Amino acid sequence: MWVDNMYVRIAEVTSTSDMQFKMLMAFVENVLLPRNIKAGQLSGEIFKTSNNSCFVVSRFSSKEEADKIMQIMRVEMEELRGNNRIRFLEGERTFNLSRHT
């Protein structure tokens, strides 16, 4: 599905241990992302960068939609920050070039 307007939020996550990271990823994959998709998030992708870190790319139709989803998971994000370092980077897409197959 092509979306003209898109807002992307990237979360860089580092856990204190491999086990903590595996538990976090299980929660994100099985609970957080599916619920966010159901609430209006366009997509979510996880890219592992080491045994205890990753970045999560979340796509939304607008900043307002991204903020709505963040409000839904606000309490959980505070809990996750207790055991993990989470840094956000976000912005509106201004250009996209891709190969269509």
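Just after helix H1, glycine 40 takes a positive phi of about 130°. This glycine sits in the loop that leads from H1 to strand E2, in a model that is predicted. From there, the briefing moves back along H1, into the cavity it helps to line, and out to a few partly exposed residues.

**Glycine 40 and its surroundings**

- Glycine 40 has a relative accessible area of 26%, so it counts as partly exposed, the class between under 20% and over 50%.
- Leaving out residues up to four places away in sequence, glycine 40 touches Glu65 and Ile69.
- Glycine 40 and phenylalanine 21 are 19 residues apart along the chain, and their C-alpha atoms are separated by 26 Å.

**Helix H1**

- H1 runs over residues 18-39, which makes 22 residues.
- From its first C-alpha to its last, H1 reaches 30 Å, close to the 32 Å expected at 1.5 Å a residue.
- At valine 28, H1 bends by about 45°, and Val28 is also one of the buried residues of the helix.
- The other buried residues of H1 are Gln20, Phe21, Leu24, Met25, Leu32, Leu33 and Asn36.
- An α-helix has 3.6 residues a turn, so residues three or four places apart point the same way.
- The cover over the buried residues of H1 includes four strands, namely E1 (7-15), E2 (43-50), E3 (53-60) and E4 (84-92).
- That cover also includes helix H2 (63-72) and helix H3 (74-83).

**The cavity**

- How many cavities of 30 Å³ or more does a search of the whole structure find? The search finds one.
- The largest cavity has a volume of about 240 Å³.
- It is lined by 21 residues, and Ala11, Leu32, Val56, Met73 and Met77 are the closest to its centre.
- E1, H1, E3, H2, H3 and E4 are the elements that give two or more residues to the lining.
- Which element gives the most to the lining of the largest cavity? H1 does, with six residues.
- By class, the lining has 17 nonpolar residues, three polar and one charged.
- Leu32 links two of these topics, as it is a buried residue of H1 and is among the residues closest to the centre of the largest cavity.

**Arginine 59 in strand E3**

- Arginine 59 is found in strand E3, and its 28% relative accessibility is why it counts as partly exposed.
- Neighbours within four places in sequence aside, arginine 59 is in contact with Met6, Tyr7, Val8, Gln41, Leu42, Ser43 and Glu45.
- Arginine 59 and glutamate 92 are 33 residues apart in sequence, with 9.7 Å between their C-alpha atoms.

**Arginine 81 in helix H3**

- Arginine 81 belongs to helix H3 and counts as partly exposed because its relative accessibility is 36%.
- Residues up to four places away in sequence aside, arginine 81 touches Ile86 and Phe88.
- The C-alpha atoms of arginine 81 and threonine 14 are separated by 9.8 Å, while 67 residues separate the two along the chain.

**Serine 50 in strand E2**

- Serine 50 has its place in strand E2.
- Is serine 50 buried or partly exposed? With 29% relative accessibility, it counts as partly exposed.
- Serine 50 and aspartate 18 are 9.2 Å apart in space, C-alpha to C-alpha, and 32 residues apart in sequence.

Technical notes:
Residues numbered from 1 in each chain as written. Predicted model: local features only at pLDDT ≥ 70, side-chain atom pairs only at ≥ 80, totals over all residues. Heavy atoms only, no water. Expected span 1.5 Å × (residues − 1). Bend = angle between axes of the 7 residues up to and from the residue. Buried < 20%, exposed > 50% of the residue type's maximum accessible area, 1.4 Å probe, protein only. Contact = heavy atoms within 4.5 Å. 1 Å grid on protein atoms, 1.4 Å probe; cavity = no way out; pocket = protein on both sides within 12 Å on 5 of 7 lines; lining within 4 Å. Points joined across faces, edges and corners; volume = space filled by probe spheres on them. Nonpolar A, V, L, I, M, F, W, Y, C, P; charged D, E, K, R; others polar.
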